[in-house]
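Me: Got a minute to go through this one with me? I'd like to start with the pockets and then get to the metals.
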Amino acid sequence: MKVKFWGVRGSIPTPGPETTRYGGNTTCLQVVTDNGDLIILDAGTGIHALARQLPGKLPGTAHILITHTHWDHIHGLPFFTPLFVQGNQIKIYGGRDIDTGEGIERALNVQLQYCYFPIIESELKADLEYVTILAKKSFQIGSATITPYLLNHPVINFGYKIDCDGKSIFFTGDYEPLTNHHSPNTVEFANHQQMIESNLNELVQAITNIDALIIDASYTQEEYSSKHGWGHGTHSSSMELAEKAGVKQLFFTHHEPTRSDTELEEIFKNLKKNSDFEHYLAYEGLEILL
Ligand SMILES: [Zn+2]
Ligand SMILES: [Zn+2]
């Protein structure tokens, strides 16, 4: 399977001279299986460039897995040009919103209103299907088995494990490791701790010996002290997780939008070295062959 990064920026697109090396587009990854099945992880602005290199390979089917419906993970969706071409089949997968009960159709519906976009959904020419999925219920896309895992974020967010062609990857979407804010030696602390450990064990089990873990590492440890509950992880928390699970390669993504290329590289240079696995900063255009 081949994985390519089309958007590695968190929260908001950041074009400009300070982000040319890593890129300013928001989250979007492309996975192509050995059989040629096309799986797209999230539809940030990176999906626009992804779509532009597809024409020769279409008409065909694209499977778009949405981790969650924060803007930076869906706002490229109306610009996914295969939606406008008859004969294409586009399937969009994602979880049900806990508050409203709406399925993943909300990701596109909310944007295809005249006040936001000049084309309405009934004018899209592709055959469009929404698939609302459940945590830990695996499903098949061609030769790939996809398993969604619910990960901590202010809204429902699925991390996706993809097993295919004897290899496996896990993409977290946005993820903040849980921490215990209760006072130690209280019942609340003990109960919360039990829940945290059970969630962590489940995640560790899911990614044990995985070939590539692609993870939200928005903040440095120092920045995180004032950003608890914002829904994002740090480079060090990602490395701890990778170490615990014995992952083979770790890719940091969802780079903080105020970060320049130089600052990003400075942070990376100062990270604790680890001989058990390789770790990399994801950049637009990076390809992983597994
Ligand atoms: Zn995000
Ligand atoms: Zn988010």
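**Pockets and metal site**

Reply: Sure. In this predicted model, the lining of the largest pocket gets at least two residues from each of β8 (144-150), α4 (187-207), α5 (221-224) and α6 (235-245).

Me: Which of those gives the most to the lining?
Reply: α6 does, with 6 residues.

Me: How much space lies in there, and which residues are closest to the centre?
Reply: About 780 Å³ for the largest pocket. Its lining counts 35 residues, and N152, Y175, P177, L178 and L200 are the closest to the centre.

Me: How does that lining divide by class?
Reply: Into 17 nonpolar, 12 polar and 6 charged residues.

Me: And the second largest pocket, what's its lining like?
Reply: That one has 4 nonpolar, 6 polar and 5 charged residues, with about 280 Å³ of space. β1 (2-7), β2 (28-32) and β4 (61-65) each supply at least two of the lining residues.

Me: OK, metals. What coordinates the zinc ion (ligand 1)?
Reply: D72 (OD), H73 (NE2), D174 (OD) and H254 (NE2), at 2.1 to 2.2 Å. Along the chain, the spacing of these donors is D-H-x100-D-x79-H.

Me: Are D72 and H73 buried or exposed?
Reply: D72 is buried, at 6% relative accessible area, and H73 is buried too, at 0%.

Me: Why does the site of the zinc ion (ligand 1) count as irregular?
Reply: The angles among its 4 donor atoms run from 91 to 166 degrees. Tetrahedral needs all angles between 85 and 135 degrees, so 166 rules that out.

Me: Where's the zinc ion (ligand 2) relative to ligand 1?
Reply: The two zinc ions are 3.6 Å apart, and D174 coordinates both.

How values were computed: Residues are numbered from 1 along each chain as its sequence is written. Chains are lettered from A and ligands numbered from 1 in the order in which they are written. This is a predicted model: local features need pLDDT of at least 70, side-chain atom pairs count only at pLDDT 80 or more; totals for chains, interfaces and linings use all residues. Side-chain values use heavy atoms; hydrogens and water are left out. Donors are N, O and S atoms within 2.8 Å of the metal (3.2 Å for Na, K and Ca); water is not among the atoms, so sites may look incomplete. Four donors count as tetrahedral if all angles lie between 85 and 135 degrees; four count as square planar and six as octahedral if opposite donors are over 155 degrees apart and all others between 65 and 115; anything else is irregular. Buried means under 20% relative accessible area, exposed over 50%, partly exposed in between (1.4 Å probe, protein chains only). On a 1 Å grid over the protein atoms alone, a cavity is a set of points where a 1.4 Å probe fits but cannot get out, and a pocket is an open set with protein on both sides within 12 Å along at least five of seven lines; lining residues have an atom within 4 Å of a point. Grid points are joined across faces, edges and corners, and a volume is the space filled by probe spheres set on the points. Helices (H or I, at least four residues) and strands (E, at least two) are DSSP runs, numbered from the N terminus. Ala, Val, Leu, Ile, Met, Phe, Trp, Tyr, Cys and Pro count as nonpolar, Asp, Glu, Lys and Arg as charged, and the others, Gly among them, as polar.
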